[in-house]
Amino acid sequence: MKRSVWVIFLSAALVVAGGGLIVFTATGGFDDADSNQSQPLAPTGSTPVETVPTVAPSPQPTTVSRGTKYVFPVGGCRADASQSHHDYPASDIFAAKGCKFVSPVDGRVDEITLVDTWDKKTNVGRDRGGLSVSVVGVDGVRYYGSHLSVVGADIKPGLVVRAGQTLGLTGKTGSAQGTPPHLHFGISWPTEAGHWWIRRGAVPPATFLNAWHDGKQLSPVAAVAQTKRAYGVDRACRSYC
């Protein structure tokens, strides 16, 4: 994946996080990723999203997907993903406002946030993501994207989606209001509704994003399982709350 120098600089200098007040919940390559499976989009309000604490040594992401299709989560535009993130594992994928945020895998919509309640005066963790959508994949992993400008009109908790299907459009909601537009992308294990500190990202996604961008099928399943075991009992947010 090509990454321009200014993107690397921004990812090191900017303090961008996902937060996440859950409004609704359900139990539970690049450019061409969307194909013909996009859901119609309609403007919505703006507000909270999610983010998560870090823990334990970074797992070795070596498991290759078998039968599960993965795609890069930004489609229709050039996008540059940061290789690291402040305070907890995640990636900021810089792209123009209005690019497609697509499901990276077949799965089911988990939680969505339709109202942006972030306030820079308080910078509450659960609100930092602005508009957001998370999907639990058929692989059992949860994928989260936030700072969206629009959530798809038909995107609801419990909706079955396909890899490459449009979930929303990139933007600057939540704590991204003072930064270039980007998609905050996190990988984690599924939790009960409202655990935004896990949902925002628990496993570094850069290795997987790089592979998906290049059309390679690298699965985060083993890395997520290893990190979950190391994380232990989840009682509340542990960092950057």
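Let's start with Arg-128: its charged end sits over the ring of Tyr-240, 3.8 Å from the ring centre. Bear in mind that we're looking at a predicted model here. Now, Tyr-240 has a partner. A search of the whole structure turns up eight aromatic pairs, and one of them is Tyr-88 with Tyr-240, stacked, at 6.5 Å centre to centre with 25° between the planes.

Where do those two rings come from? Tyr-88 is in the loop between β3 and β4, while Tyr-240 is in the segment after α4, residues 221–231, so the pair ties together parts that are 152 residues apart in sequence. And are they buried or exposed? Tyr-88 is buried, with a relative accessible area of 2%. Tyr-240 comes out at 22%, which makes it partly exposed, because the line for buried is drawn at under 20%.

Tyr-88 has an arginine of its own, too. Arg-200 lies over its face, at 4.1 Å from the ring centre. So, to put that corner together: Arg-128 is over Tyr-240, Tyr-240 is stacked with Tyr-88, and Arg-200 is over the face of Tyr-88.

While we're in that loop between β3 and β4, have a look at Asp-87, which is found there as well. Asp-87 has a positive phi of about 70°, and it's not a glycine. Its relative accessibility is 43%, so it counts as partly exposed.

Another resident of the loop is Ser-82; the loop runs between β3 at 80–81 and β4 at 91–94. Ser-82 counts as buried, at 1% relative accessibility. What does its side chain reach? One contact is the backbone nitrogen of Asp-92, at 2.9 Å. Another is the backbone oxygen of Ser-84, which lies 3.0 Å from a polar atom of the Ser-82 side chain.

There's a second non-glycine with positive phi to mention, and that's Asn-123, at about 50°. Asn-123 lies in the loop between β6 and β7. At 23% relative accessibility, it counts as partly exposed.

OK, stepping back to the whole thing for a moment. The protein has four helices and 11 strands. Of its 241 residues, 57% count as buried. The accessible surface comes to about 9800 Å², and carbon and sulfur atoms account for 54% of that.

On to the inside. Nonpolar side chains tend to be buried together in soluble globular proteins. In this model, the largest nonpolar core has 41 residues, and those with the most contacts inside it are Val-74, Ile-93, Val-133, Tyr-143, Phe-185, Ile-187 and Trp-212. Which elements give two or more residues to this core? They are the strands β6 (107–113), β7 (131–137), β8 (142–151) and β11, plus the helices α2 (196–199), α3 and α4. The one that gives the most is α3, with four residues.

So let's look at α3. Six of its eight residues are buried, so to speak a mostly covered helix. The buried ones are Ala-206, Phe-208, Leu-209, Asn-210, Ala-211 and Trp-212. What covers them includes β3, β4, β8, β11 and α4. Just after the helix, Gly-215 takes a positive phi of about 80°.

Two of those names from α3 also turn up in an aromatic cluster, made of Tyr-70, Tyr-143, Phe-185, Phe-208 and Trp-212. Ile-187 sits among familiar company as well: its contacts include Tyr-143, Phe-208 and Trp-212, along with others such as Pro-205, Pro-220 and Val-224.

Last, back to the ring pairs. Any such pair is described by the distance of the centres and the angle of the planes. For Phe-185 and Trp-212, what are the burial values? Phe-185 is buried at 0% relative accessible area, and Trp-212 is buried at 1%. As for the geometry, Phe-185 and Trp-212 are edge-to-face, with 6.4 Å centre to centre and 85° between the planes. This pair links distant parts of the chain: Phe-185 is in strand β11, residues 182–188, and Trp-212 is in helix α3, residues 206–213, 27 residues apart.

That leaves two aromatic pairs to keep in mind when you turn the model: Tyr-88 with Tyr-240, stacked, and Phe-185 with Trp-212, edge-to-face. Happy to take questions.

How values were computed
Residues numbered from 1 in each chain as written. Heavy atoms only, no water. Buried < 20%, exposed > 50% of the residue type's maximum accessible area, 1.4 Å probe, protein only. Polar contact = N/O pair within 3.5 Å; in protein donor to acceptor, adjacent residues only side chain to side chain. Phe/Tyr/Trp six-rings, centres within 6.5 Å; stacked < 30°, edge-to-face > 60°. Lys NZ or Arg CZ within 6 Å of the ring centre and 35° of its normal. Areas by Shrake-Rupley, 256 points an atom, 1.4 Å probe, with all protein chains shown as cover. Core = buried A, V, L, I, M, F, W, Y, C linked by side-chain atoms within 4.5 Å. Contact = heavy atoms within 4.5 Å. Lists of a residue's contacts leave out its neighbours within four places in sequence.
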